[in-house]
Structure formats: structure tokens, C-alpha cells
Amino acid sequence: FPVTIETPVTVGSYDLATHVYQTVNTITGARFASDMIIHNGSYYVAADSKIIKFDLNTHMPLAEANCIGVRNLAVHNNMIIATRGEYLVNLDSHLQIFNADDLSLILSYNTTDGPQYPTQNLIVHNGIAYIAINNAYDFGNEVGRIGQLDLNTLAYGNEIDLGEDGKNPDNMVLFGNDIITVNNLDWTGSSISRISTLELS
């Protein structure tokens, strides 16, 4: 469906000493940005249909990768892990890994070898990426699962089902060895789940 972008996506910086905010980058052609992470003197922006790497000091673009429906990013051992989901678009992969240097694609998990449904937030802890699987863009058919990606072997493993009261996990926070998820359910309410990573390992 056609979308008119009236205000482009921007990246800004805020000086804690002077309390001055300034725009340092404008990303054209993106409807929104959903995440940004910093790694080794660069920052990576998840911008709608692409991942862009910028120099942290000059803000010059260094690399770019196409990634339709990119939602959240995490980094581990010079790998960028990206979750994916898009409204009215059936993706053949909901989880991809890119090289942090040039954003070349390392691995794309299909819906048999990886998450079957669209994914959202993720947390890296003790060599495992824990991935929120929510199918959030298929209204009425939301799911609630946490997937596990072994970042040493790159093998996608078991999923934990959060049950009827844990559907549509959106945000995740690491608290010690526990993962706290915020679940949007069917968008008419919300819930919180707590999962021990020690019991998942």
C-alpha cells in the first residue's frame, strides 16, 4: 500500500552536559526506525527495510543491508542479529545474521530452521540470543514464544511457549539470569512474563 513519508527518519544526539539535542543524520525512504545499537565505534540503525551502519564520530554511512521488516538488532562476536516482521507481508525468514564490518549476510533462517512467525525484541546472554516471537502483524493470530539461537554454533534451538496469557511479547529486559517480557496479548491488554535462562540452558 502506498505510504507518503512527510517527516523523514532522523538520528539525533543529546549532550548531557549542555542539554543540547541535535540531528546528526537523516534517513530518507524509511517510514520509521525501530532500533539502534552501538558497536566498535559505529552505530547500526534498523530503518524499516534496511540496516545502516554509521561512523559514531563522523556520522558518515559505512555500510547498508536490505532487510525488509527489520525490527530489532543485537550484536555478538562481530555479528549483527536482526529480527523481522512486517504487516501484510509474508517473509521467508524472520531471523537473519549479518557481518558487523560490511553488513554482508551471514545466515538467513527459513521458517523451518528458524522462527516460524515474525519476531520482535531479542536479548543476548551467555552466548544465546533469546528472541521474542509474536506474529504481531497477523491480528487475532498472535503467538507468545521465546526462541533460542546458539551464537557459538549458529543453531536455532528450542522455543518456550509463554501460554495464552503471554501472547505477543514485544519488549524484553534482562534481570540477572532472568528475562522479563512485556506481552501485548491481542492489543486490548498486556501481561508480564518472567523466564529463567538457567532453566532454559
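A salt bridge is a side-chain nitrogen of Lys or Arg within 4 Å of a carboxyl oxygen of Asp or Glu. In this predicted model, Arg71 and Glu86 satisfy that criterion, since their closest N and O atoms are 3.5 Å apart. By this rule the count comes to six salt bridges.

## Salt bridges

Side chains of opposite charge can pair when their charged atoms come close. The table lists three of the pairs, including the one just introduced.

| Acidic residue | Basic residue | Closest N and O atoms |
|---|---|---|
| Asp48 | Arg31 | 2.7 Å |
| Glu86 | Arg71 | 3.5 Å |
| Asp178 | Arg194 | 2.7 Å |

The salt bridge of Asp48 with Arg31 has a closest N and O separation of 2.7 Å. Asp48 lies in the loop between strand S4 (42-47) and strand S5 (50-55), and Arg31 in the loop between strand S2 (20-27) and strand S3 (35-39), so this pair ties together parts that are 17 residues apart in sequence. The two partners fall into separate accessibility classes: Asp48 is buried, at a relative accessible area of 6%, whereas Arg31 is partly exposed, at 31%.

Arg71 and Glu86 form a salt bridge with closest N and O atoms 3.5 Å apart. Arg71 belongs to strand S7 (residues 70-76), while Glu86 is located in the loop between strand S8 (79-84) and strand S9 (93-99); the pair therefore ties together parts that are 15 residues apart in sequence. Both Arg71 and Glu86 are buried. These two residues do not stand alone: Arg31, Asp48, Arg71 and Glu86 are linked in a network of salt bridges.

Asp178 and Arg194 also form a salt bridge, in which the closest N and O atoms are 2.7 Å apart. Asp178 is in strand S16 (residues 178-183) and Arg194 in strand S17 (residues 191-196), so the contact ties together parts that are 16 residues apart in sequence. Asp178 is buried, with a relative accessible area of 16%, but Arg194 is exposed, with a value of 55%.

## The sheet S11-S12-S13-S14

Strands of a sheet pair through backbone hydrogen bonds, either parallel or antiparallel. Here, four strands form an open sheet in the order S11-S12-S13-S14, and the pairing is antiparallel. Its edge strands are strand S11 (119-125) and strand S14 (156-161), each of which pairs on one side only. From one strand to the next, the twist averages 25°.

Five bridges join S11 to strand S12 (residues 128-133), and these two strands run antiparallel. Within this pairing, Thr119 stands opposite Ile133 in S12, and Ile123 stands opposite Tyr130 in S12. The hairpin of S11 and S12 has two residues between the strands, and Asn126 in this hairpin takes a positive phi near 55°. Although S11 is an edge strand, six of its seven residues are buried, so S11 is largely enclosed by the rest of the structure.

## Aromatic contacts and the nonpolar patch

A pair of aromatic rings is described by the distance of the centres and the angle of the planes. The structure holds three aromatic pairs. One of them joins Tyr87 and Phe139 in a tilted arrangement, 5.6 Å centre to centre with 50° between the planes. This pair links distant parts of the chain: Tyr87 is in the loop between S8 and S9, and Phe139 is in the loop between S12 and strand S13 (145-150), 52 residues apart. With Trp187, Tyr87 and Phe139 form one aromatic cluster.

The members of this cluster reappear in a nonpolar patch on the surface, where Tyr87, Leu88, Phe139 and Trp187 have about 470 Å² of accessible area together. Tyr87 is partly exposed, with a relative accessible area of 35%. Leu88 is found in the loop between S8 and S9 and counts as exposed, at 65% relative accessibility. Trp187 is located in the loop between S16 and S17 and is partly exposed, at 45%.

## Backbone with positive phi

Trp187 is also notable for its backbone: its phi is positive, at about 75°, although the residue is not a glycine. His19, likewise not a glycine, has a positive phi of about 60°. His19 is placed in the loop between strand S1 (9-15) and S2 and is exposed, with a relative accessible area of 56%.

Technical notes. Residues numbered from 1 in each chain as written. Predicted model: local features only at pLDDT ≥ 70, side-chain atom pairs only at ≥ 80, totals over all residues. Heavy atoms only, no water. Buried < 20%, exposed > 50% of the residue type's maximum accessible area, 1.4 Å probe, protein only. Pairing = 2+ DSSP bridges. Axes fitted to C-alpha atoms, helices over the stretch in contact; angles between N-to-C directions. Phe/Tyr/Trp six-rings, centres within 6.5 Å; stacked < 30°, edge-to-face > 60°. Patch = residues over 30% accessible without salt bridge, like charges linked within 9 Å, V, L, I, M, F, W, Y side chains within 5 Å. Areas by Shrake-Rupley, 256 points an atom, 1.4 Å probe, with all protein chains shown as cover.
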